[in-house]
Amino acid sequence: MSVRELVVLGTASQVPTRHRNHNGYLLRWDGEGVLFDPGEGTQRQMLRAGVAAHDLNRICVTHFHGDHSLGLAGVIQRINLDQVPHGITAHYPRSGKRFFDRLRYATAYRETVELTEAPVDADGVLATTPAYTLEARRLSHPVESFGYRLVEPDGRRMLPERLAAHGIKGPDVGRLQREGSLDGVPLEAVSEVRRGQRFAFVMDTRLCEGVHALAEDCDLLVIESTFLDEDERLAVEYGHLTAGQAARVARDAGVRHLVLTHFSQRYTESGDFERQARAAGFDGELTVAYDLLRVSVPKRR
């Protein structure tokens, strides 16, 4: 059975708190797992969330600030300790390769798993698989940062009433899907386009073109909202978003489910983030993230 969900491993900005671990997010996409921004403590949070090293296929790092990358050392060593039976690909800004190398080889261990490095240089497609295309877009932060977007290819949805009108049923339906036509009836005559699902991960950034491009038409958008709106000056200065800014991005992009995360330790009331997001005009499904939360990708339209 296919599963598409986000497992939130940590939600704190800059430093962990008593209630929030450093960042860490696992996207389960059918049989694959993409780990985003493993901050300090991610390995333990994976254990608490029931996530195993075997579940990982890709690691995507947005940038090399500690709250987004210090957990790499433990995660990589755990992958090798558990002898994960498949290769894993790591994406990160190429300008931070020296940091990735230090974290990958922070201490001695025996390498048993093929870890392929695929650094990000610029906007564009990073990988194409039968299940999705992975893209990156440059963000605006004091250090080089990229956001990630996963897009499922469009498919086709069969229309029972049209199939019946053409007398197509049983095994012939599968044959029509495989071959594209059957007895002069084209697939397009008895089906419609089923839009692929879309997911985006946007961390530390000011408002910029990349934020909007990543969010466009997303079914599930995970986006930082480090500050509340009254601290917008600080957000601009340090390269972050406010709850209202993130919500307006989601509103304008047609996002279905918005997940706010990466909260400054200065705030103790998470409800303020939801109130400001709603005040900004976002009326879709909204989640203010907390550690160990699971968020399902919305069902197809």
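Reader: Taking helices as DSSP runs of H or I with at least four residues and strands as E runs of at least two, numbered from the N terminus, how many of each are in the protein chain?

Author: The protein chain has 10 helices and 18 strands. This is a predicted model, where local features need pLDDT of at least 70, side-chain atom pairs count only at pLDDT 80 or more, and totals for chains, interfaces and linings use all residues. Residues are numbered from 1 along each chain as its sequence is written, and side-chain values use heavy atoms, without hydrogens and water.

Reader: What radius of gyration does the protein chain have?

Author: The value is 21 Å, which agrees with the figure near 19 Å for a compact globule of 301 residues; the radius is taken over C-alpha atoms, and the globule rule is 2.2 Å times the number of residues to the power 0.38.

Reader: And which residues have the most contacts inside the largest nonpolar core?

Author: In this core of 32 residues they are Leu221, Ile223, Val255, Leu258, Leu260 and Phe273, and helix H9 gives the largest share, 6 residues. A nonpolar core joins buried Ala, Val, Leu, Ile, Met, Phe, Trp, Tyr and Cys through side-chain atoms within 4.5 Å, with buried meaning under 20% relative accessible area (exposed is over 50%, partly exposed in between; 1.4 Å probe, protein chains only).

Reader: What does Val255 touch?

Author: Leaving aside residues up to four places away in sequence, Val255 touches Ala215, Cys218, Leu221, Ala250 and Phe282, where contact means heavy atoms within 4.5 Å.

Reader: Which residues are in the second core?

Author: That separate core of 26 residues includes Trp29, Val120, Leu150 and Leu293.
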